[in-house]
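Here is a short tour of one sheet, two helices that sit on it, and two loop residues. Take a look at the model before reading on.

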Amino acid sequence: VTTPEFGEPEKKAEKGTKYSELFGWDEVILKGKEDFIVQTYSDTERVPELDPNRIIDHEVMYPFVLSMQPKMKGMKVMFVGPTGSGKTTAVEHYCTKVNKNMYRINGRQDMESDTIIGRWVVGAGDSGMVFHKGEFPKALLNGDIILIDEPWKIPNGIWMTLQRVMERGGVLQIDDMTGDVADKTIVPHEESRIVLADNVVGTGDNVEQYGATMIQDGSTLNRVDVVLRVDYLKQEQETELLAAKYPLLVPKNSNGDRGMQNVERMVRMLNLLRNGYDTNELSSPASLRNVETWAELACSVRSYEDAFKWTLLNRYADDSERAAVIAHYY
């Protein structure tokens with residue numbers, strides 16, 4: 001099998017910062033990839049707070065950052081992965097590094113279209129009824145990154161309202177607004193982007209681990225340009241992350257070396273719970289956010305067992321599940 005040849009790309013003067021300078025570089029994962037210039041911004045309103053201990057999965061971050069660049073006009077990206085695997089934080093980390101405003105919508109089943117688009121309200125004084133744009137069209141006009149968390153919990157009919165803006169180069173038409181078609185049309189800022197993040201793709205949840213998922217119309221799914229799968233970090237990466245965030249867990253011995261045994265055991269415990277959830281033996285998932293809370297409380301009360309009971313064990317109501325989790329712990 002021969003590798004197809006590509007022509008030389010047109011070289012243009014770009015302003016920004018190299019990917020490697022913002023997010024680091026992995027010679028194995030990114031072998032042969034271009035260290036491209038990343039567009040940076042000067043937004044100040046809703047830029048997320050930086051997590052200095054964030055570990056970058058370049059298999060996910062590299063294509064995501066690439067798809068956010070101006071030359072990839074209007075690309076729609078979706079992150080898919082288990083709960084707590086870092087889908088939302090990947091978007092937050094990108095926005096922090098490039099100094100970009102982010103607006104977040106959390107999907108829910110009782111959501112109505114005017115929650116997103118806007119609605120008529122009573123105006124001040126004698127102005128009568130006036131139409132107030134929702135935060136979604138405001139974010140489109142402002143050039144924000146719009147993150148829709150749990151998009152497949154939003155009723156399918158509402159996505160029909162957003163079909164046109166989900167297209168590359170699409171616009172949002174709000175028919176409830178007064179005026180002619182031009183007045184009703186929201187043309188997104190060229191730097192705005194729509195990003196989705198969910199546990200499943202949108203075609204249902206066969207094992208009912210995410211029971212609130214609503215099956216979506218194929219035309220909506222087809223408008224997503226890039227789908228990136230996000231998994232939990234490797235065991236050694238999670239161990240290093242916990243050690244960096246909670247140094248009390250890794251006291252130094254007489255030789256000055258860090259004792260990583262307990263942190264390694266915590267991560268192994270976490271993976272046992274994950275495997276139990278994946279095989280339907282346990283009813284509740286376990287994510288990095290759970291083990292971080294376990295670590296934080298353990299440092300505060302100087303007890304791994306008490307903190308584990310409060311943060312993880314008590315999530316399981318069934319006696320047989322609790323017995324299995326306790327067995328895993330010991």
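Is P151 buried or exposed? This is a predicted model, and in it P151 has a relative accessible area of 0%. The cut-off for buried is under 20%, so P151 counts as buried.

**The proline loop**

P151 belongs to the loop that links β7 (145–149) with α6 (156–161). If you skip the neighbours within four places in sequence, the residues in contact with P151 are W159, L196, A197, D198 and Q216. L241 is another matter: 90 residues separate P151 and L241 in sequence, and their C-alpha atoms are 29 Å apart in space.

**The sheet**

Now for the sheet itself. Five strands form an open sheet in the order β4-β7-β10-β3-β11, and the pairing is parallel. β4 and β11 (226–229) take the edges with a single partner strand each, so one side of each has no neighbour in the sheet. Going from one strand to the next, the twist averages 20°.

As a general point, strands in a sheet pair through backbone hydrogen bonds, in either a parallel or an antiparallel way. Here, β4 and β7 run parallel and are joined by five bridges. Y103 has I146 in β7 as its bridge partner.

Two helices go with this sheet. α3 packs on the sheet and touches β3 (77–80), β4, β7 and β10 (193–198). The direction of α3 makes about 170° with that of β7. Helix α5, residues 135–142, lies across β4, β7 and β10, and runs at about 155° to β4.

**The asparagine loop**

Where does N101 sit? Its place is the loop between α3 (87–98) and β4 (102–106). With 3% relative accessibility, N101 counts as buried too.

The side chain of N101 has polar contacts with backbone nitrogens, and here are two of them:

| Side chain | Backbone nitrogen | Distance |
|---|---|---|
| N101 | E45 | 3.2 Å |
| N101 | R46 | 2.8 Å |

Which residues is N101 in contact with, leaving aside its neighbours within four places in sequence? E45 and R46 are on that list, along with D43, T44 and V47. The others are N142, D144 and I145.

To put the two loop residues side by side: P151 is buried at 0% relative accessible area, and N101 is buried at 3%. The loop of P151 follows β7 (145–149), while the loop of N101 leads into β4 (102–106), and those two strands are joined by five bridges.

Notes: Residues numbered from 1 in each chain as written. Predicted model: local features only at pLDDT ≥ 70, side-chain atom pairs only at ≥ 80, totals over all residues. Heavy atoms only, no water. Helix = DSSP H or I, 4+ residues; strand = E, 2+ residues; numbered from the N terminus. Buried < 20%, exposed > 50% of the residue type's maximum accessible area, 1.4 Å probe, protein only. Contact = heavy atoms within 4.5 Å. Polar contact = N/O pair within 3.5 Å; in protein donor to acceptor, adjacent residues only side chain to side chain. Pairing = 2+ DSSP bridges. Axes fitted to C-alpha atoms, helices over the stretch in contact; angles between N-to-C directions.
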